[in-house]
Structures are given as structure tokens and as C-alpha cells.
Amino acid sequence: MPTVYLDHAATTPVDPEVVSAMMPYFTGAYGNPASLHAPGQEARRAVEAARDTIAAFINADPDEIVFTGGGTESDNLAIKGVAMAGRKHGDHIVTSCIEHHAVLETCRFLESQGFRVTYLPVDKAGMVDPDEVKRAISAGTILISIMHANNEIGTIQPIDEIGRIAREKGIYFHTDAVQTFGHLPTDVGAVGVDLLSASAHKLYGPKGVGILFVKKGTAVTPQLHGGMHEQGLRASTHNVPAIVGMARAIELAERDLSAEEGRLAALRDQLELDLLAAIDGVRVNGHAAERLPGNLNMSIEGAEGETLVLNLDMVGIACSTGSACTSMDLEPSHVLTAIGLSPTTALSTVRFSLGKPTRPEELSYVLDVMPGIVKNLRALRRNVR
Ligand code: PLP
């Protein structure tokens, strides 16, 4: 049975062209970029070429790119790093209550260390109101961290406006762009962002590598202590194959970006329309227009989300109840409750996330099997009562 993979927000398959680009750096050009000899310098050139490619993609300077071990590490470095460096100026951070756990748990840790954090609410579509950001700012505010797009419901935040507010007030602005990097155009200068997190495995690159963009002059305390790699901001020997792979993934993303954005949105919109017509009691979560093109998050009355995901898996369809990190626990998602869903509705939710390999016939297959599965689950539920 072929798998219809509709969980690209959790992770993506590595593009074969990315694998080809990485291969020489495992067994051929395996030097340590910090070494002075020729193999080391060959690896160093590859890392610096990758840095140039990634910087150009977001209109940054190459020395504003810090390679990390992924999105979680980038978020930790940005938030803890700015908080620790800025402690003498203030102790207050503004974020939203629908951030990824990599941001929320970092903020909770900082609260345990004496920082104050404001978790802004969102509206029914999952949107942060820039006026609320403005109102939350006080004399002690040192950082605003608002994600570019939400991983569960796909809502794209008004980061340009929030960036403007941060700039006016002279406060650092971080955005977690893990879900948008390589999928939506990103220009760090235009947005007015000081720190931006991204991860390669969400854009057909390898797992375990990411970047943090750190605007020149931003005060950040390193969180890993050791060598002076990455301008002293992130010690540890570079993961050369992964870094090369991330840069190749960015080149491919840049080439395909605008065509893919339109193609995915059209496929997603059709799937949404078809499922709404075929199944009653369905509500679509997220913003109608400002939404990641491949994201479709739906609450289905009378169908428990995890059971539905497992039943879809049995017929070869891979999707999710929400974010991969929380899909093993039965707590309702913090994102879905924040947009006003009851715990029962939040627990009756599935997320489809389409990607480059997604084809229309795969979505037709979903449409063929899903109404029957939902009908059976509802009937089972009625019999149990
Ligand atoms: N931030 C967001 C919005 C995400 O979706 C994810 C992963 O799902 C992360 C951060 C964590 O990224 P990584 O898996 O590279 O640590």
C-alpha cells in the first residue's frame, strides 16, 4: 500500500538533489573546517559557501547567519541569549500563547529564572493583534518573540507590523520562521527582524541543522560554551554535510517557491471544499486567507482526532492531530484552545499538511476513504454511549 504523506509540517523528505550535494562531505571532503590543512580548508569553503547562499536568500550578511542544530536550538539561543545579555536593561519578554513549545518552554524556563513573560492571546483565526503587542510593552521589555506562521493551524502573523513596533520602541524582535523559511519569501531587512529561527528539515533538507539570523550589533549571550565557532555564538564542530544540504535545499526552495505556493494553495483549497461537502460537522481552523498554503486543519464533530489519524494510517494516509511534538499526548492543543475551541472539539482535530511530492490523485484518495472512516467512528461512538 503506497503511503500518502500529508504531514510535511512535521517533517519533509530530503530532496535527492540535497542528498547528492551532501554525499561528498561524509567520506571525501570530511575535514574539520577549523583545521588549517587542505581537507579542513575544503570543508571550511563549503560551510562559507552555504552561509553565503542562505544569507542571500533572506537578504542578510553572511556573518549574520549562525548555524545551529535545528529550530529548537535557534529559538533557545535567540530567547535565552537576548534575555541573558539584556538583563541589566530589563526582564520582560512579550510572546504569544500559540508559539511552538521550543519558544514557550524557553520562556517558562526564563520565568523560573526571574524574568517576566507576557503571553499574548490570539483571535479566533489565531492572529496576534499588533496593538496588543504595543500595549504589552513596558519599560523593562527587552524582547518580542512572535512566530511567522503557526505549525498547527498555519496562520501567518503580521510580523512586518510587529517588527515596526519593535523598531520604534528599540526592542529586539525575534521570529520563529521554522514553518515559513523556504516556503514564503523572507527579507529580514524589510521585516525589521533582529533574530530569525529556521530549520532545514521543514524544507526538504536534513534533520538536525538550522540557522539563527542575528542582526549585526544584537547582543546575544552564547548558550553552548566551548570553541569559538560561529563568531563565538555556537561552539561545536560544524555539521558540514548537513550545512551543505541546508544550502542546497534553500537553492531548490528559491527556484520552486512561487510556483509551489500557488500549486499547494490550490490543492489545499480543493481538498478543503471537497471534505466540507462530503462530511458534515466539520470546521476549518486558522485564517481564511493568511494561512500557510499547504495547511489544512479541521475539527470533525464526533471523531476523536487520534483515532481518526490511526484509522487513516491504516489505509496509508499519514497526517497528524497537531504538532509532531504533542501528537503523543492527549491534552488538547494549546493552539486550538487559544483560538476558542472547547477541549472536546480540539481533541477532534486533524491536520493535513501538503508538500512538494503531493499529487491531486493522492487527495482524491483521501476524499474517497475519509468520509467512510468518519461515519464508522461516529457510529462506534453512538454504540458505546
Ligand atoms: N518552531 C516551529 C514553528 C516548528 O514547527 C518546529 C518543529 O516542528 C520547531 C520550532 C522545532 O524545530 P526543530 O524540529 O528543527 O527543532
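Biologist: At about what angle to strand 2 does helix 3 run?

Modeller: In this predicted model, helix 3 spans residues 38-58 and lies across strand 2 and strand 8 (210-214). Its direction relative to strand 2 is about 120 degrees.

Biologist: In what order do the seven strands of the open sheet stand?

Modeller: Strands of a sheet pair through backbone hydrogen bonds, either parallel or antiparallel. Here the pairing is mixed, and the order of the seven strands is 2-8-7-6-5-3-4.

Biologist: Which strands of that sheet have one side left without a neighbour, and why?

Modeller: The twist of this sheet averages 20 degrees from one strand to the next. A strand at an edge has a single partner strand, so one side of that strand lacks a neighbour in the sheet. The strands in this position are strand 2 (65-68) and strand 4 (116-120).

Biologist: Which residue in strand 4 stands opposite Thr95?

Modeller: Strand 3 (residues 92-96) and strand 4 run parallel and are joined by five bridges. Within strand 4, the residue opposite Thr95 is Tyr119.

Biologist: At about what angle to strand 7 does helix 4 run?

Modeller: Helix 4 lies across strand 2, strand 3, strand 5 (141-145), strand 6 (172-176), strand 7 (195-199) and strand 8. Relative to strand 7, helix 4 runs at about 160 degrees.

Biologist: Which helix gives the largest share of the shell around the ligand?

Modeller: The ligand is surrounded by 13 residues, of which Thr72, Asp176, Gln179, Ser199 and Lys202 come nearest. By class, two residues of the shell are nonpolar, eight are polar and three are charged. The largest share, three residues, is supplied by residues 71-86, that is, helix 4.

Biologist: How far from an oxygen atom of the ligand is an N or O atom in the side chain of Ser199?

Modeller: Oxygen atoms of the ligand take part in several polar contacts. A backbone N or O atom of Gly71 lies 2.8 Å from one ligand oxygen atom, and a polar side-chain atom of Gln179 also lies 2.8 Å from an oxygen atom of the ligand. For the side chain of Ser199, the distance to a ligand oxygen atom is 2.6 Å.

Biologist: What percentage of the accessible area of the ligand does the protein cover?

Modeller: On its own, the ligand has 390 Å² of accessible area. The share of this area covered by the protein is 87%.

Biologist: Which strands stand at the edges of the open sheet of three strands?

Modeller: This sheet has the order 9-10-12 with antiparallel pairing. Each edge strand has a single partner strand, so one side of each is left without a neighbour in the sheet. The edge strands are strand 9 (282-285) and strand 12 (349-353).

Biologist: Which residue in strand 12 stands opposite Leu296?

Modeller: Strand 10 (residues 295-300) pairs with strand 12 in the antiparallel sense over five bridges. The residue of strand 12 that stands opposite Leu296 is Phe352.

Key: Residues numbered from 1 in each chain as written. Predicted model: local features only at pLDDT ≥ 70, side-chain atom pairs only at ≥ 80, totals over all residues. Heavy atoms only, no water. Near = heavy atom within 4 Å. Polar contact = N/O pair within 3.5 Å; in protein donor to acceptor, adjacent residues only side chain to side chain. Areas by Shrake-Rupley, 256 points an atom, 1.4 Å probe, with all protein chains shown as cover. Helix = DSSP H or I, 4+ residues; strand = E, 2+ residues; numbered from the N terminus. Nonpolar A, V, L, I, M, F, W, Y, C, P; charged D, E, K, R; others polar. Pairing = 2+ DSSP bridges. Axes fitted to C-alpha atoms, helices over the stretch in contact; angles between N-to-C directions. Contact = heavy atoms within 4.5 Å.
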